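Welcome, and please get your viewer ready with the model loaded. We will go from one selection to the next, pausing at each to see what is there.

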Amino acid sequence: MSTQEVSVPAVPPASGAWRAGDPRGGRRFAQIGDISLERGGVLENVQMSYETWGTLSPTGDNAVLVLHALTGDSHVVGEAGPGHPTAGWWNGLIGPGRELDTDRWFVVAPNVLGGCQGSTGPSSPAPDGRPYGSRFPYLTVRDQVAAERALADQLGIRSWGLVVGGSMGGMRALEWAVMEPDRVERLYVLASTAAATGDQIAWCSPQLMAIRSDANFRGGDYYDAGPGRGPHAGLGVARRIAHTTYRSEAELNLRFGRLPQQGENPLGGGGRFAVESYLDHHATKLTHRFDANSYLVLSQTMNAHDVGRGRGGVAAALGRVTARTAIAAISSDRLYTPEQSAEIAAGIPDCAPLRVIDSPYGHDGFLVEIERVGEILTELLGEPAQAELAAR
Ligand SMILES: CC(=O)SCCNC(=O)CCNC(=O)[C@H](O)C(C)(C)COP(=O)(O)OP(=O)(O)OC[C@H]1O[C@@H](n2cnc3c(N)ncnc32)[C@H](O)[C@@H]1OP(=O)(O)O
Ligand SMILES: N[C@@H](CCO)C(=O)O
C-alpha cells in the first residue's frame with residue numbers, strides 16, 4: 001500500500017482545535033497524484049484523507065465504501081476528540097458483530113475532495129505553497145468520485161462489496177455505480193437524488209450569497225486574516241437556512257412551536273424564540289469546525305449533480321447500474337423528497353422496492369434513524385451480489 005502518514009497544513013480556520021495528521025485521530029493520508037477535472041483543468045498533487053475499520057482480505061474482495069454528507073467527515077463511528085470535531089454520524093453501525101461487521105468487511109470512509117478534513121480542498125496549499133482560497137477550481141461529484149477511485153486503486157481495492165452514502169454521500173455513491181458499474185457490487189443510497197432539483201438549488205442560493213456577502217469573505221482569500229476573521233457570520237447564516245431545510249415543519253412546530261428560549265423574551269424584549277436559539281446553536285457549532293470555502297465548493301458540486309449529464313439523461317444513466325441496490329428515503333424529508341428517491345429506485349435495474357423510513361426528523365432522518373438505516377443495510381448485505389451469483 002503506498003499510503004503514508006503525513007502532517008497536513010490545511011486546517012479549518014474557525015476553531016483551530018482540529019489538527020489534521022493528529023495521530024490520535026486515526027486518519028490516514030494518501031497522495032493520489034493529479035486529478036483531471038470534468039469541467040477542464042487539473043487539480044495537482046491531490047491528497048485524500050480517510051479512516052478504515054477492519055482488515056482488507058488478501059484478494060481485496062471485502063471492501064465497503066462509506067461516503068459522508070455535506071458537513072460530515074470520515075468519522076463514521078467513534079467519539080469526538082482530537083482530530084475529530086464531531087462524534088461518529090452513524091455510531092454503532094461499524095464493528096465486530098455490527099451491521100458493517102468488521103470481522104467480515106474492510107470499511108473505508110474518505111473525506112470528500114473539496115472539503116476541509118484533510119483531503120485536498122480550498123484551504124490546502126496550492127503548488128505555490130499558499131492556500132488555494134479563491135483559486136480552488138470548480139468541482140463536480142464526478143471529480144470527487146475520480147479522486148475516490150484513485151484512492152481505491154492505491155488501497156488495492158478493485159471492487160467494492162458495497163458503496164453507501166446519504167445526501168451528498170448518496171450523490172457520490174450513485175455516481176460511483178454509474179461511472180464504475182463493474183466496481184460496485186451493492187449500492188445503498190439514502191435521502192438523495194439523481195439530479196439536484198430547482199428547489200434544492202434555490203435553497204442553496206441564499207446560503208452561497210450569505211457567505212460571499214460577508215465582509216470577511218474577501219473573495220475567498222481570508223486565510224491570512226487571522227483567527228476568528230473568516231466569514232463565520234455568513235457561514236452561520238448559511239447553516240441556519242440549511243438546517244431548517246434538514247428538519248421537518250412538523251418537528252419544528254411540535255418541538256419548539258412558539259416557545260420563547262428559556263429566560264428570554266422574544267416579544268419585544270430583544271430575546272429569541274427557542275427555535276431561533278436552536279438554529280444559533282447549530283450555526284455556532286458549524287462555524288467552529290468547517291471552512292466557508294469548502295461549504296461553497298461542496299454546495300456547488302451538489303448543485304452540479306446530475307447523473308444524466310452527457311449520458312443521454314437520468315434514465316439512461318441509472319440503467320447502467322448493475323449493483324444490487326437499496327434506496328431509502330425519509331418520509332418527512334422536504335429537501336430530498338421520497339419522490340426523488342422513487343425515481344432512482346425505478347430506474348436501477350436490480351433495485352429492491354423503495355424503502356421509506358417513517359420519521360419526523362426530515363432530511364436529517366438518515367443521520368438520526370440509525371436503527372432503520374442499519375436494518376436496510378443488513379438486508380442488502382444478506383443479498384448475494386451479481387458477482388457472487390456468477391461465481392456460484
Ligand atoms: C453524513 C454526515 O456526516 S452529515 C454531518 C452530521 N453532523 C451534523 O450535521 C452536525 C450538526 N448536527 C445535526 O445536524 C444534528 O444534530 C444531527 C442530525 C447530527 C442529530 O440530530 P438530533 O440528534 O436530532 O439533534 P438536534 O438537531 O436536535 O440538535 C441537538 C442539539 O441542539 C441543542 N438544542 C436543542 N434545543 C436548543 C435550544 N432551544 N437552544 C439551543 N440549543 C438547542 C441541543 O442542546 C443539542 O446540542 P449538542 O448537539 O451540542 O449536544
Ligand atoms: N446534517 C447533514 C445534512 C446534509 O445532508 C449535513 O450537515 O451534512
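Select His281 and ligand 1 together: an N or O atom in the side chain of His281 is 2.7 Å from an oxygen atom of ligand 1. Keep in mind as you look around that this is a predicted model. Now add Lys285, where an N or O atom of the side chain is 2.9 Å from a ligand 1 oxygen. Bring in Arg239 too; one of its polar side-chain atoms lies 3.0 Å from an oxygen atom of ligand 1. How much of the accessible area of ligand 1 does the protein cover? Of the 990 Å² that ligand 1 has on its own, the protein covers 67%.

Next, show the whole surroundings of ligand 1. There are 21 residues around this ligand, and those that come nearest are Arg247, Arg255, Ser277, Tyr278 and His281. Colour them by character and you will find eight nonpolar, seven polar and six charged residues in the shell.

Switch to a cartoon view and highlight the helices. Which of them supply at least two residues each to the shell around ligand 1? They are α4, α6 (274–287) and α10. Helix α6 gives the most, with six residues.

Time to move on to ligand 2, which sits in the largest pocket. Select Thr71 first: an N or O atom in its side chain is 2.6 Å from an oxygen atom of ligand 2. Then pick Ser167, which places a polar side-chain atom 2.7 Å from an oxygen of ligand 2. At Leu70 the contact comes from the backbone, with a polar atom there 3.4 Å from a ligand 2 oxygen. On its own, ligand 2 has 260 Å² of accessible area, and the protein covers 94% of that.

Expand the selection to everything around ligand 2: Ala69, Leu70, Thr71, Gly72, Ser167, Arg239, Tyr246, His363, Asp364, Phe366 and Leu367. Arg239 may look familiar, since you met this residue at ligand 1, with a polar side-chain atom 3.0 Å from an oxygen atom there. By character, the shell around ligand 2 divides into five nonpolar, four polar and two charged residues. In the cartoon view, α4 (232–246) and α10 (365–368) each supply at least two residues of this shell.

For the last stop, select Asp73 and Arg27. These two form a salt bridge, with their closest N and O atoms 3.9 Å apart. The pair links distant parts of the chain, 46 residues apart: Asp73 is in the loop between β3 (63–67) and β4 (94–95), while Arg27 is in the segment before β1 (28–36). If you would like to keep exploring, the model has 19 salt bridges by count.

Key: Residues numbered from 1 in each chain as written. Chains lettered and ligands numbered in written order. Predicted model: local features only at pLDDT ≥ 70, side-chain atom pairs only at ≥ 80, totals over all residues. Heavy atoms only, no water. Near = heavy atom within 4 Å. Polar contact = N/O pair within 3.5 Å; in protein donor to acceptor, adjacent residues only side chain to side chain. Areas by Shrake-Rupley, 256 points an atom, 1.4 Å probe, with all protein chains shown as cover. 1 Å grid on protein atoms, 1.4 Å probe; cavity = no way out; pocket = protein on both sides within 12 Å on 5 of 7 lines; lining within 4 Å. Sits in = over half its atoms within 2 Å of the grid points. Helix = DSSP H or I, 4+ residues; strand = E, 2+ residues; numbered from the N terminus. Nonpolar A, V, L, I, M, F, W, Y, C, P; charged D, E, K, R; others polar. Salt bridge = Lys/Arg side-chain N within 4 Å of Asp/Glu carboxyl O.
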